[in-house]
Structures are given as C-alpha cells and as structure tokens.
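Me: Could you walk me through this structure and explain the reasoning behind each label?
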Amino acid sequence: MKITITKSDHSRINEIDFDNLQFGRIFSDHMFEMKYEDGKWIQGEIKPYGPITFEPSMMALHYGQAVFEGMKAYYADENTINLFRVKDHHQRLNNSAKRLCMPEIDEEVFITALEELMKADYKWIPKKHGQALYLRPVMFASEEYLAAKVAEEYRFYIITSPVGAYYSEGFNPVKLTTSESYVRAVKGGTGEAKAAGNYGGSFLPAQKAQKEGYTQVLWLDAIEHNYIEEVGTMNIFFLFDGKLVTPQLGGTVLPGITRRSVLSLAKEWGIDVQERKISIREIIETAENGSLKEVFGAGTAAVISPVGLIHHQGKTITLDQEKIGPFAKKMFDTITGIQYGKLNDSHNWVHSVKVG
Ligand code: COI
C-alpha cells in the first residue's frame, strides 16, 4: 500500500513544555489513518493530527469493537529513533483484532506506517532519559449500522504523544489493592486481548481504589478470587531470593511485551523464572516472613514500576522499598538502556528508524 503524506502547515511543537510532560495529554503534529472497506485496507495516509467525524450510528460506539496497542519511540541520537519490539506489538494487535472479529493488518503496512510517522514527527520525541513518544495504534468499527453483528468497515489510526512517567508517583512505589466485588477477566472472555472495553470495565473498581488512596487494583482471578492476575495497566512480578515469579498467562492476563522482555532478561541473568499461579495468600505470607524481596509492575506505559504496598481484605503489606528496589532498578536500567540504544541489543528488540 502506498502511504500518502500531507504535512501540517503549522507545527505546535513550540507550545509544548517538554520538562513537564503528563501522560497522554498532548499529541504530535501528525497521525496515520487507514480505512477498511470491501474486505481490504485502503487509503493509508499520514496527515495533520485533528478531529475525525463519524455518525452517531458508528458501530464501535454501540458494540465495542475496538482494540489498541501501546508502544514507544525512543530518542537514540539526532538521526535515529528506536522503536521497541515492533513485530511483537503488531502480532498482539492482530491477535486482539481476531478475538473481536476485526480485520488483521499486514506487518509491512504497520511498520511502514510507524516509520513514516516517525519521520514526520521525530522532533516530538523527547530527549530526556525516562521520556519517550508514546504511540497509540487503535482500530475500531466505523460502519454506520445498529444491528448487533460484526462490522464490515473499520478505521485504523496511529496517534502519538510525548510522555514521561505514567503514574503520578513517577518512579516511586505505587500502592495496590485487590477488589472484593469486581473482576477484570474470565477464561474465554477478552482479558488477553487489548480490547478497549477491558479498560472501561475496570474504571469503576479503579476509581473506588483511588478514592481509598490506592494507585490501582491488583486483579485476582474471577473463579476463586485467590490467584493474582495483573494490574490492568501493567503485569506484575514478585522477586524472592534468586527467584522471579509472575502470574501465568492462560487467557485472562494481557501478554505484555515488557513482561516478555523482563522474563527473557531475568533468565539470562541466571534467575529461576516461574510463570505460575500465585495466590494472594502466598504473597501476604512471604511478605510477612521476609522472603518476598521486591514487587514491581511492567508495561509499556508504566515501564518498570515498583510496588510499595498491597492491600487485601483489610490486611496491608508494605514492602521495604522507599524507592525502586535493586532488582527492579537493574531491570529498568537494562530495558531502557536497550530502548535508548545505550546497551547492546543482543535480542534484536530495537527497530531503528533513520530520520532527519
Ligand atoms: C500501555 O502500557 O501501553 C497501555 O496500554 C496501558 C495503559 C496506558 C492503558
């Protein structure tokens, strides 16, 4: 597919305070758009970022066929932008799309669209360590029709936003609570897809948690309400002496790309890595007897976020972490080092784009 490029005639970049970036509040000058009609993707174009017009009968609004990805572009040097694990994000987008009966996107189209967008907006990539250009590919049903059925028309956009830390805590430990009344996902549902509705459904419990002073909900399984799953905005890891444990995937947990990177690196460092069921009881007991050393989350937006406190049914465990723990810090430094091109990328995770 040939991508047409229409450049914005006025850049907003001089209005941006790159020293105070909030997550996802401002958007770069351009976006990518492509349409799906008559069984194929057509009209790929880079154009100025701006409002889009749809009818109130657009199916995504009514039946929730919408999936997205979260990726980041990192400043390597004046002429080089690094994208991280692009093929993995592309694969996950297609997996999410398949789960919601939406069309897949060709890998080459996905990567070319990102590359062209990077070339158009490379000046928007913040230069400081810890900052990046967040990339949000999103696909939704654009057909105008009220029958509850699979749509036949879709749109795919990529918008981008310069960002710093995701949580207002920055890199300070976040506070998590389990929820007694709500669940995020059930086996056979859409929990492992990056479906927009998964997030909407989690907002009420997250809002309640935040009113009680917690940052996010630590989701437990829907059947026994006992096994830890994920945080919704990130996957979760528990470090014991020489052992790193994270909940197994199994259909209800988002297969995080940062999660996968953490697992690979930890294995290479000689750590015993376990993807398995972990009960909340095990975490409370090991926190109390001191064998639980660190807890941290991993996600594209969250990067590596230390967890300082977990609340469950009236019981609170605090982890002895004023700041990020040494293992999480090493993981953060290694992953970001690879992303910014400062460390050797022996896994071929980085896709460099020449710009400028
Ligand atoms: C990401 O980590 O990129 C996410 O999509 C999580 C969140 C911002 C919804």
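Reply: Happy to; we will look at the ligand, its surroundings and the domains, in a model that is predicted.

Me: Which residues surround the ligand?
Reply: The shell consists of Phe 68, Gly 70, Tyr 134, Arg 136, Tyr 166, Lys 194, Tyr 199, Thr 300 and Ala 301. A residue joins such a shell if one of its heavy atoms lies within 4 Å of the ligand.

Me: What makes Tyr 134 a polar contact of the ligand?
Reply: The cut-off is 3.5 Å between N or O atoms. A polar side-chain atom of Tyr 134 lies 2.6 Å from a ligand oxygen atom, so the pair counts as a polar contact. For Lys 194, a polar side-chain atom lies 2.7 Å from an oxygen atom of the ligand. Thr 300 uses a backbone N or O atom instead, 3.4 Å from a ligand oxygen.
The protein buries 91% of the 280 Å² that the ligand exposes when taken alone.

Me: How is the shell divided by class?
Reply: There are five nonpolar, two polar and two charged residues in the shell. Gly counts as polar here.

Me: Why is the ligand said to lie between domain 1 and domain 2?
Reply: Domain 1 (4-164 + 349-354) and domain 2 (174-324) both give residues to the shell, so the ligand lies between them.

Me: Where are the centres of the two domains relative to each other?
Reply: Taken over C-alpha atoms, the centres of domain 1 and domain 2 are 27 Å apart. The contact takes 18 residues from domain 1 and 19 residues from domain 2.

Terms used: Residues are numbered from 1 along each chain as its sequence is written. This is a predicted model: local features need pLDDT of at least 70, side-chain atom pairs count only at pLDDT 80 or more; totals for chains, interfaces and linings use all residues. Side-chain values use heavy atoms; hydrogens and water are left out. A polar contact is a pair of N or O atoms within 3.5 Å; within protein, one must be able to donate a hydrogen and the other to accept it, and residues adjacent in sequence count only if both atoms are side-chain atoms. Accessible areas come from the Shrake-Rupley method with a 1.4 Å probe; for residues, only the protein chains shown count as cover. Domain bounds come from an automatic or database domain assignment. Contact means heavy atoms within 4.5 Å.
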